[in-house]
Amino acid sequence: GNNSYFAGGGHMGFFNQGKIRYLGGAGYGDLNLDFYGFGDVILDKPVELNTKATVVMQTIKFKLFDSNFYLGPTQRYINADIAPSNLGDLIDNIPKPWQASLTDLLTQKITTSGVGFTLEYDSRDNVFSPKEGFEYQLSHLWFDDAIGSDTNYQLTEFSALNYFKVAKKWFAAVRAEVDYANTDSFLPPYATPSISMRGVPSGRYLGNAVGVTELEVTYEINFRWKINAFAGAAKASNEFSTLLDSESRISKGLGFRYLIARRYGFNMGIDIAKGPEENVFYIQAGSAW
(Lines give C-alpha, C1' and ligand atoms only; values in the text may rest on other atoms or scores of the structure.)
Protein backbone atom coordinates (compact mmCIF):
# COMPACT_ATOMS: atom_id res chain seq x y z
CA GLY A 1 0.00 0.00 0.00
CA ASN A 2 0.92 3.66 0.12
CA ASN A 3 3.29 4.62 2.90
CA SER A 4 2.62 8.27 3.65
CA TYR A 5 3.42 11.00 6.13
CA PHE A 6 1.83 14.43 6.25
CA ALA A 7 2.47 17.53 8.32
CA GLY A 8 1.25 21.05 7.76
CA GLY A 9 -1.44 23.57 8.43
CA GLY A 10 -3.91 25.84 6.72
CA HIS A 11 -7.44 27.15 6.56
CA MET A 12 -10.46 25.89 4.61
CA GLY A 13 -13.71 27.74 4.07
CA PHE A 14 -17.14 26.70 2.75
CA PHE A 15 -20.48 28.42 2.62
CA ASN A 16 -23.72 27.88 0.78
CA GLN A 17 -26.06 30.85 0.90
CA GLY A 18 -28.57 29.61 -1.64
CA LYS A 19 -27.53 31.92 -4.46
CA ILE A 20 -23.78 31.84 -3.77
CA ARG A 21 -21.55 28.85 -3.07
CA TYR A 22 -17.91 29.21 -2.05
CA LEU A 23 -15.23 26.60 -1.40
CA GLY A 24 -11.63 27.63 -0.81
CA GLY A 25 -8.57 27.30 1.32
CA ALA A 26 -4.87 27.99 1.76
CA GLY A 27 -2.14 26.17 3.58
CA TYR A 28 1.27 24.53 3.68
CA GLY A 29 2.01 20.81 3.69
CA ASP A 30 4.95 18.42 4.00
CA LEU A 31 3.98 15.07 2.43
CA ASN A 32 5.76 11.76 1.89
CA LEU A 33 3.95 9.52 -0.57
CA ASP A 34 4.86 6.43 -2.56
CA PHE A 35 5.11 7.11 -6.30
CA TYR A 36 4.29 4.22 -8.67
CA GLY A 37 4.45 5.94 -12.06
CA PHE A 38 2.16 7.67 -14.56
CA GLY A 39 -0.53 5.83 -16.51
CA ASP A 40 1.14 2.99 -18.39
CA VAL A 41 4.64 4.01 -17.25
CA ILE A 42 4.96 1.78 -14.17
CA LEU A 43 8.03 1.67 -11.93
CA ASP A 44 9.49 -1.70 -10.90
CA LYS A 45 8.92 -0.71 -7.28
CA PRO A 46 7.48 2.44 -5.66
CA VAL A 47 9.73 5.37 -4.80
CA GLU A 48 9.03 7.58 -1.80
CA LEU A 49 8.70 11.24 -2.80
CA ASN A 50 8.72 14.17 -0.43
CA THR A 51 6.65 17.18 -1.47
CA LYS A 52 6.72 20.47 0.44
CA ALA A 53 3.97 22.68 -0.94
CA THR A 54 2.14 25.97 -0.46
CA VAL A 55 -1.43 25.71 -1.75
CA VAL A 56 -4.19 28.23 -2.54
CA MET A 57 -7.45 26.98 -4.09
CA GLN A 58 -10.88 28.58 -4.38
CA THR A 59 -14.12 28.38 -6.33
CA ILE A 60 -17.10 30.70 -6.10
CA LYS A 61 -20.35 29.89 -7.93
CA PHE A 62 -23.39 32.08 -8.49
CA LYS A 63 -26.92 30.75 -9.00
CA LEU A 64 -28.18 31.44 -12.52
CA PHE A 65 -31.59 33.09 -12.19
CA ASP A 66 -34.16 30.75 -10.62
CA SER A 67 -32.59 27.55 -11.96
CA ASN A 68 -30.53 24.68 -10.52
CA PHE A 69 -27.45 25.93 -12.40
CA TYR A 70 -24.45 27.64 -10.81
CA LEU A 71 -21.50 29.26 -12.60
CA GLY A 72 -18.36 30.99 -11.41
CA PRO A 73 -14.56 31.34 -11.46
CA THR A 74 -12.11 28.84 -10.01
CA GLN A 75 -8.42 29.25 -9.17
CA ARG A 76 -5.61 26.90 -8.11
CA TYR A 77 -2.03 27.69 -7.11
CA ILE A 78 0.57 25.23 -5.82
CA ASN A 79 4.25 25.99 -5.22
CA ALA A 80 6.01 22.70 -4.53
CA ASP A 81 9.49 21.38 -3.81
CA ILE A 82 9.67 17.72 -4.94
CA ALA A 83 12.48 15.33 -4.03
CA PRO A 84 12.85 11.55 -3.70
CA SER A 85 14.00 10.22 -0.34
CA ASN A 86 16.64 8.25 -2.26
CA LEU A 87 17.69 9.54 -5.70
CA GLY A 88 19.33 6.20 -6.55
CA ASP A 89 16.04 4.35 -6.02
CA LEU A 90 14.35 6.73 -8.44
CA ILE A 91 16.90 6.46 -11.27
CA ASP A 92 17.20 2.67 -11.02
CA ASN A 93 13.41 2.22 -11.28
CA ILE A 94 12.53 4.46 -14.23
CA PRO A 95 12.29 2.78 -17.67
CA LYS A 96 15.17 4.06 -19.85
CA PRO A 97 13.01 5.97 -22.40
CA TRP A 98 11.60 8.11 -19.57
CA GLN A 99 14.65 8.30 -17.31
CA ALA A 100 15.81 11.85 -18.09
CA SER A 101 12.40 13.55 -18.23
CA LEU A 102 11.01 11.88 -15.10
CA THR A 103 14.19 12.40 -13.08
CA ASP A 104 14.11 16.13 -13.89
CA LEU A 105 10.38 16.31 -13.09
CA LEU A 106 10.65 14.55 -9.72
CA THR A 107 13.68 16.49 -8.43
CA GLN A 108 12.68 20.12 -8.77
CA LYS A 109 10.90 23.15 -7.37
CA ILE A 110 7.85 23.92 -9.51
CA THR A 111 4.79 26.16 -9.49
CA THR A 112 1.47 25.39 -11.14
CA SER A 113 -0.97 28.30 -11.36
CA GLY A 114 -4.31 28.11 -13.12
CA VAL A 115 -7.61 29.95 -13.50
CA GLY A 116 -10.85 28.88 -15.10
CA PHE A 117 -14.55 28.31 -14.50
CA THR A 118 -16.90 25.82 -12.86
CA LEU A 119 -20.43 25.07 -14.08
CA GLU A 120 -22.70 23.08 -11.77
CA TYR A 121 -26.21 21.63 -11.93
CA ASP A 122 -27.61 20.59 -8.54
CA SER A 123 -31.08 19.21 -7.86
CA ARG A 124 -30.19 17.05 -4.82
CA ASP A 125 -32.65 16.98 -1.94
CA ASN A 126 -29.80 17.42 0.55
CA VAL A 127 -26.23 18.66 0.03
CA PHE A 128 -24.82 16.51 2.86
CA SER A 129 -26.52 13.11 2.53
CA PRO A 130 -28.75 13.11 -0.58
CA LYS A 131 -31.33 10.44 -1.31
CA GLU A 132 -32.64 11.79 -4.62
CA GLY A 133 -31.50 14.25 -7.28
CA PHE A 134 -28.52 15.00 -9.48
CA GLU A 135 -25.29 16.95 -9.15
CA TYR A 136 -23.25 17.49 -12.31
CA GLN A 137 -20.12 19.62 -12.33
CA LEU A 138 -17.74 20.70 -15.10
CA SER A 139 -14.52 22.62 -14.44
CA HIS A 140 -11.93 23.83 -16.93
CA LEU A 141 -8.68 25.55 -15.98
CA TRP A 142 -5.85 27.12 -17.97
CA PHE A 143 -2.35 26.90 -16.45
CA ASP A 144 -0.03 29.43 -18.07
CA ASP A 145 3.24 31.26 -17.42
CA ALA A 146 1.33 34.53 -17.78
CA ILE A 147 -0.21 33.83 -14.35
CA GLY A 148 2.91 32.39 -12.74
CA SER A 149 2.82 28.73 -13.83
CA ASP A 150 6.08 26.97 -14.68
CA THR A 151 4.26 24.54 -16.97
CA ASN A 152 1.51 25.26 -19.50
CA TYR A 153 -1.46 22.92 -19.84
CA GLN A 154 -5.26 22.73 -19.61
CA LEU A 155 -7.23 20.68 -17.09
CA THR A 156 -10.82 19.52 -17.57
CA GLU A 157 -12.78 17.79 -14.79
CA PHE A 158 -16.31 16.40 -15.10
CA SER A 159 -18.31 14.58 -12.44
CA ALA A 160 -21.90 13.27 -12.44
CA LEU A 161 -23.61 12.16 -9.22
CA ASN A 162 -27.03 10.53 -9.55
CA TYR A 163 -29.26 9.60 -6.59
CA PHE A 164 -32.49 7.57 -6.90
CA LYS A 165 -35.22 6.22 -4.63
CA VAL A 166 -35.82 2.69 -5.91
CA ALA A 167 -38.41 1.48 -3.39
CA LYS A 168 -39.75 2.45 0.04
CA LYS A 169 -36.52 1.57 1.86
CA TRP A 170 -34.11 1.11 -1.06
CA PHE A 171 -31.93 3.80 -2.62
CA ALA A 172 -29.30 3.73 -5.37
CA ALA A 173 -26.56 6.12 -6.43
CA VAL A 174 -24.34 6.19 -9.51
CA ARG A 175 -21.17 8.22 -9.92
CA ALA A 176 -19.19 8.89 -13.10
CA GLU A 177 -16.08 11.05 -13.31
CA VAL A 178 -13.61 11.92 -16.07
CA ASP A 179 -10.53 14.13 -15.61
CA TYR A 180 -8.15 15.08 -18.43
CA ALA A 181 -4.94 17.12 -18.43
CA ASN A 182 -4.14 18.30 -21.96
CA THR A 183 -0.35 18.50 -21.90
CA ASP A 184 2.60 17.54 -24.09
CA SER A 185 4.75 16.43 -21.15
CA PHE A 186 4.56 14.79 -17.74
CA LEU A 187 3.10 16.94 -14.96
CA PRO A 188 4.27 16.83 -11.33
CA PRO A 189 2.47 14.07 -9.40
CA TYR A 190 0.37 16.49 -7.34
CA ALA A 191 -0.98 18.12 -10.53
CA THR A 192 -1.65 14.89 -12.45
CA PRO A 193 -5.22 13.50 -12.37
CA SER A 194 -5.50 10.42 -10.17
CA ILE A 195 -8.07 7.72 -9.48
CA SER A 196 -10.29 8.81 -6.57
CA MET A 197 -12.35 5.82 -5.48
CA ARG A 198 -12.98 3.92 -2.27
CA GLY A 199 -10.47 1.09 -2.03
CA VAL A 200 -7.72 3.00 -3.88
CA PRO A 201 -5.23 5.06 -1.82
CA SER A 202 -4.88 8.70 -2.86
CA GLY A 203 -2.31 9.17 -5.62
CA ARG A 204 -1.86 5.43 -6.23
CA TYR A 205 -2.81 5.55 -9.93
CA LEU A 206 -1.94 8.68 -11.91
CA GLY A 207 -2.47 9.59 -15.55
CA ASN A 208 -3.26 12.52 -17.81
CA ALA A 209 -6.65 10.86 -18.38
CA VAL A 210 -8.66 9.23 -15.59
CA GLY A 211 -12.15 7.71 -15.60
CA VAL A 212 -14.15 6.41 -12.61
CA THR A 213 -17.58 4.80 -12.22
CA GLU A 214 -19.20 3.70 -8.95
CA LEU A 215 -22.53 2.18 -7.96
CA GLU A 216 -23.91 2.25 -4.41
CA VAL A 217 -27.08 0.63 -3.04
CA THR A 218 -28.47 1.64 0.37
CA TYR A 219 -31.10 -0.05 2.55
CA GLU A 220 -32.84 2.02 5.23
CA ILE A 221 -33.23 -0.20 8.30
CA ASN A 222 -35.09 2.51 10.20
CA PHE A 223 -35.17 6.29 10.51
CA ARG A 224 -31.63 6.47 11.95
CA TRP A 225 -29.73 3.49 10.54
CA LYS A 226 -28.79 2.52 6.97
CA ILE A 227 -26.48 -0.08 5.43
CA ASN A 228 -24.86 0.18 2.03
CA ALA A 229 -22.93 -1.87 -0.52
CA PHE A 230 -20.84 -0.39 -3.34
CA ALA A 231 -18.58 -1.30 -6.24
CA GLY A 232 -16.49 0.68 -8.67
CA ALA A 233 -14.15 0.51 -11.63
CA ALA A 234 -11.56 3.04 -12.75
CA LYS A 235 -8.87 3.54 -15.38
CA ALA A 236 -5.81 5.80 -15.72
CA SER A 237 -3.83 6.44 -18.90
CA ASN A 238 -1.37 8.99 -20.24
CA GLU A 239 -3.48 9.54 -23.37
CA PHE A 240 -7.22 10.20 -23.50
CA SER A 241 -7.46 8.12 -26.69
CA THR A 242 -6.14 5.02 -24.90
CA LEU A 243 -8.16 5.38 -21.69
CA LEU A 244 -10.75 2.72 -22.54
CA ASP A 245 -8.01 0.22 -23.39
CA SER A 246 -6.06 0.68 -20.15
CA GLU A 247 -6.27 -1.70 -17.21
CA SER A 248 -9.37 -1.52 -15.00
CA ARG A 249 -8.95 -1.10 -11.24
CA ILE A 250 -11.85 -2.67 -9.34
CA SER A 251 -13.04 -2.03 -5.78
CA LYS A 252 -16.04 -3.10 -3.71
CA GLY A 253 -17.18 -2.81 -0.13
CA LEU A 254 -19.78 -2.45 2.59
CA GLY A 255 -20.70 0.23 5.09
CA PHE A 256 -23.31 1.79 7.33
CA ARG A 257 -24.69 5.26 8.08
CA TYR A 258 -26.28 6.82 11.18
CA LEU A 259 -28.41 9.98 11.04
CA ILE A 260 -26.43 12.09 13.50
CA ALA A 261 -28.08 15.47 12.77
CA ARG A 262 -31.80 15.12 12.00
CA ARG A 263 -32.33 18.82 11.37
CA TYR A 264 -29.79 18.85 8.51
CA GLY A 265 -30.30 15.28 7.29
CA PHE A 266 -26.62 14.66 8.02
CA ASN A 267 -25.32 11.07 8.21
CA MET A 268 -22.05 9.68 9.51
CA GLY A 269 -20.70 6.17 9.24
CA ILE A 270 -17.99 3.79 8.12
CA ASP A 271 -17.08 2.16 4.80
CA ILE A 272 -14.69 -0.76 4.35
CA ALA A 273 -13.49 -1.17 0.75
CA LYS A 274 -11.45 -3.90 -0.89
CA GLY A 275 -9.34 -2.40 -3.66
CA PRO A 276 -6.91 -3.85 -6.21
CA GLU A 277 -4.14 -4.29 -3.62
CA GLU A 278 -5.54 -3.79 -0.14
CA ASN A 279 -8.47 -3.10 2.17
CA VAL A 280 -9.12 0.53 3.10
CA PHE A 281 -11.16 1.81 6.06
CA TYR A 282 -13.05 5.13 5.84
CA ILE A 283 -14.89 7.30 8.34
CA GLN A 284 -17.55 9.07 6.28
CA ALA A 285 -19.21 12.39 7.05
CA GLY A 286 -22.18 12.81 4.74
CA SER A 287 -22.13 11.24 1.29
CA ALA A 288 -18.98 9.35 0.24
CA TRP A 289 -18.95 11.54 -2.89
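## Arg204 and its partners

Arg204 is buried, because its relative accessibility is 14% and the cut-off for burial is under 20%. The model is predicted. Arg204 forms a salt bridge with Glu277, with 3.5 Å from N to O. Glu277 sits in the loop between S12 and S13, and Arg204 in the loop between S8 and S9, so the bridge ties together parts 73 residues apart in sequence. Glu277 is partly exposed, at 43% relative accessibility.

Arg204 also lies over a ring face. The ring belongs to Tyr36, and the distance to the ring centre is 3.5 Å.

## Salt bridges between strands

The structure holds 15 salt bridges. One of them joins Glu120 and Lys61, whose closest N and O atoms are 3.0 Å apart. Glu120 belongs to strand S5 (residues 109-122) and Lys61 to strand S3, so this pair links parts 59 residues apart in sequence. Glu120 is buried, at 3% relative accessibility. Lys61 is buried as well, with a relative accessible area of 11%.

Glu214 and Arg175 form another salt bridge, at 2.6 Å from N to O. Glu214 lies in strand S9 (residues 209-220) and Arg175 in strand S8 (residues 170-182), so the contact ties together parts 39 residues apart in sequence. Both Glu214 and Arg175 are buried. They also belong to a network of salt bridges with shared partners. Its other members are Glu177, Arg198, Glu216, Arg257 and Asp271. Arg198 has a ring contact too: it lies over the face of Phe230, 3.9 Å from the ring centre.

## Aromatic pairs

There are 14 aromatic pairs. One of them is Trp225 with Tyr258. The ring centres are 4.7 Å apart, and the planes meet at 50°, which makes the pair tilted. Trp225 is in strand S10 (residues 225-237) and Tyr258 in strand S11 (residues 249-261). The two residues are 33 residues apart, and the pair links distant parts of the chain. Trp225 is partly exposed, at 38% relative accessibility. Tyr258 is partly exposed too, at 32%.

Ring pairs also build a cluster. Its members are Phe134, Tyr136, Phe158 and Phe164.

## A nonpolar surface patch

Trp225 and Tyr258 are both part of a nonpolar surface patch of about 940 Å². The other residues of the patch are Ile221, Ile227, Phe256, Ile260, Met268, Ile272, Phe281 and Ile283.

Which strands each supply at least two residues of the nonpolar patch? They are S10, S11, strand S12 (266-274) and strand S13 (279-285). S11 gives the most, with three residues.

## Polar contacts

Asn50 is in strand S3 (residues 41-63). Asn50 is buried, at 15% relative accessibility. Its side chain makes a polar contact of 2.8 Å with the side chain of Lys52. The side chain of Asn50 also reaches the backbone oxygen of Leu31, at 3.5 Å.

Thr242 is in the loop between S10 and S11. Is Thr242 buried or partly exposed? Thr242 is partly exposed, because its relative accessibility is 31%. The side chains of Thr242 and Ser237 make a polar contact at 2.6 Å. Thr242 and Glu220 are 22 residues apart in sequence, and their C-alpha atoms are 40 Å apart in space.

Key. Residues are numbered from 1 along each chain as its sequence is written. This is a predicted model: local features need pLDDT of at least 70, side-chain atom pairs count only at pLDDT 80 or more; totals for chains, interfaces and linings use all residues. Side-chain values use heavy atoms; hydrogens and water are left out. Rings of Phe, Tyr and Trp (its six-membered ring) pair if their centres lie within 6.5 Å; planes under 30 degrees apart count as stacked, over 60 as edge-to-face and the rest as tilted. Helices (H or I, at least four residues) and strands (E, at least two) are DSSP runs, numbered from the N terminus. Buried means under 20% relative accessible area, exposed over 50%, partly exposed in between (1.4 Å probe, protein chains only). A charge sits over a ring if NZ of Lys or CZ of Arg is within 6 Å of the ring centre and within 35 degrees of the ring normal. Patches are made of residues with over 30% relative accessible area and no salt bridge: like charges are joined within 9 Å, nonpolar side chains (Val, Leu, Ile, Met, Phe, Trp, Tyr) within 5 Å. Accessible areas come from the Shrake-Rupley method with a 1.4 Å probe; for residues, only the protein chains shown count as cover. A salt bridge is a side-chain nitrogen of Lys or Arg within 4 Å of a carboxyl oxygen of Asp or Glu. A polar contact is a pair of N or O atoms within 3.5 Å; within protein, one must be able to donate a hydrogen and the other to accept it, and residues adjacent in sequence count only if both atoms are side-chain atoms.
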